[in-house]
Amino acid sequence: LGDLSVSRADGSEATIEEFKTGKTRDLLRLLALSGDRPTPQARLMELLWPDVPDARRRNSLRTAASQIRRTLGTNNVERRTNGLVLVDAWVDTVAFREHARAARLHGRAGRHAEAIEAARAAEELYGGDFQAHDWDSEWATLERHNLRDVRHELLCQSAASCLEVDPLFEARDL
């Protein structure tokens, strides 16, 4: 969410330039958005290199995945039979969605204090709209709108939970 920020396992920050290309950064974003679910390589190639011949797309994908591994210093991009997956990574969008889901479930169950707490945690993670190197691509635009919708629903529902337990100023802010 917001600008791409990547920390290595040792806590050091990876600079944007270390990833070499915008497509490499977008590959990292796509893998991060998938959480722990592998993304088919054909899908990744279609999204990132739509007008490139297959052989070149495969090479580009292999090079980009290798660059991510090299930059982060770990084998955190794993090849599986059903695609590529980012492993051993904390991802803000995944955590944001989890907190938003918890807020929704708590709110529906009438556990408004817990809903508000989960909403605060989600909102703290929302550092800005989802960004991508290929800003206008269909996948990035769709993800940006989906995350905005999740946030909008989160804020509306959390404001209603605030009204139930009476923190009016917080309800107004949400």
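Q: Given that helices (H or I, at least four residues) and strands (E, at least two) are DSSP runs, numbered from the N terminus, how many helices and strands does the chain have?
A: Seven helices and four strands are found in the chain. Their order from the N terminus is β-β-α-α-α-β-β-α-α-α-α. The C-alpha atoms fill a box of roughly 60 × 35 × 30 Å along the principal axes. This is a predicted model, for which local features need pLDDT of at least 70, side-chain atom pairs count only at pLDDT 80 or more, and totals for chains, interfaces and linings use all residues. Residues are numbered from 1 along each chain as its sequence is written, and side-chain values use heavy atoms, with hydrogens and water left out.

Q: Why is Asp26 called buried or exposed?
A: The relative accessibility of Asp26 is 0%. A residue is buried under 20% relative accessible area, exposed over 50% and partly exposed in between (1.4 Å probe, protein chains only). Asp26 therefore counts as buried. Across the chain, buried residues make up 41% of the 174 residues.

Q: What makes Leu48, Ala132, His133, Asp134 and Trp139 contacts of Asp26?
A: Contact means heavy atoms within 4.5 Å. Not counting residues up to four places away in sequence, Asp26 touches Leu48, Ala132, His133, Asp134 and Trp139. Asp26 itself is placed in helix H1.

Q: How do you know whether Ala119 is buried or exposed?
A: Ala119 has 2% relative accessibility, so it counts as buried. The residue lies in helix H5, which spans residues 112-125. With neighbours within four places in sequence set aside, Ala119 is in contact with Ala103, Leu154 and Ser158. Ala119 and Glu98 are 21 residues apart in sequence, and their C-alpha atoms are 10 Å apart in space.

Q: Why is Arg79 given its accessibility class?
A: Arg79 has a relative accessible area of 49%, so it is called partly exposed. Arg79 belongs to strand S3. Leaving out neighbours within four places in sequence, Arg79 makes contact with Gln41, Arg62 and Leu84. The C-alpha atoms of Arg79 and Leu147 are separated by 27 Å, with the two positions 68 residues apart along the chain counted as their distance apart.

Q: What makes Thr81 buried or exposed?
A: The relative accessibility of Thr81 is 88%, and Thr81 therefore counts as exposed. Its place is the loop between strand S3 (77-80) and strand S4 (83-86). Thr81 and Pro40 are 41 residues apart along the chain, and 8.7 Å separates their C-alpha atoms.

Q: How do you know whether Lys20 is buried or exposed?
A: At 61% relative accessibility, Lys20 meets the criterion and so counts as exposed. Lys20 sits in the loop between strand S2 (13-14) and H1. The phi of Lys20 is positive, about 75 degrees, although Lys20 is not a glycine.

Q: Why is Asp88 called buried or exposed?
A: Asp88 reaches 83% relative accessibility and therefore counts as exposed. The loop between S4 and H4 holds Asp88. The phi of Asp88 is near 55 degrees, a positive value in a residue other than glycine.

Q: What makes a residue part of the lining of the largest pocket, and which residues lie nearest its centre?
A: On a 1 Å grid over the protein atoms alone, a cavity is a set of points where a 1.4 Å probe fits but cannot get out, whereas a pocket is an open set with protein on both sides within 12 Å along at least five of seven lines; lining residues have an atom within 4 Å of a point. For the largest pocket, 27 residues form the lining, and Ser5, Val6, Ser7, Trp90 and Val91 lie nearest its centre.

Q: Which elements each supply at least two residues of that lining?
A: Strand S1 (6-7), helix H1 (22-33) and helix H4 (92-108) each do so. H1 gives the largest share, four residues.

Q: What share of the contacts between residues at least 6 apart in sequence joins residues at least 24 apart?
A: Among such contacts in the chain, 60% join residues at least 24 apart.
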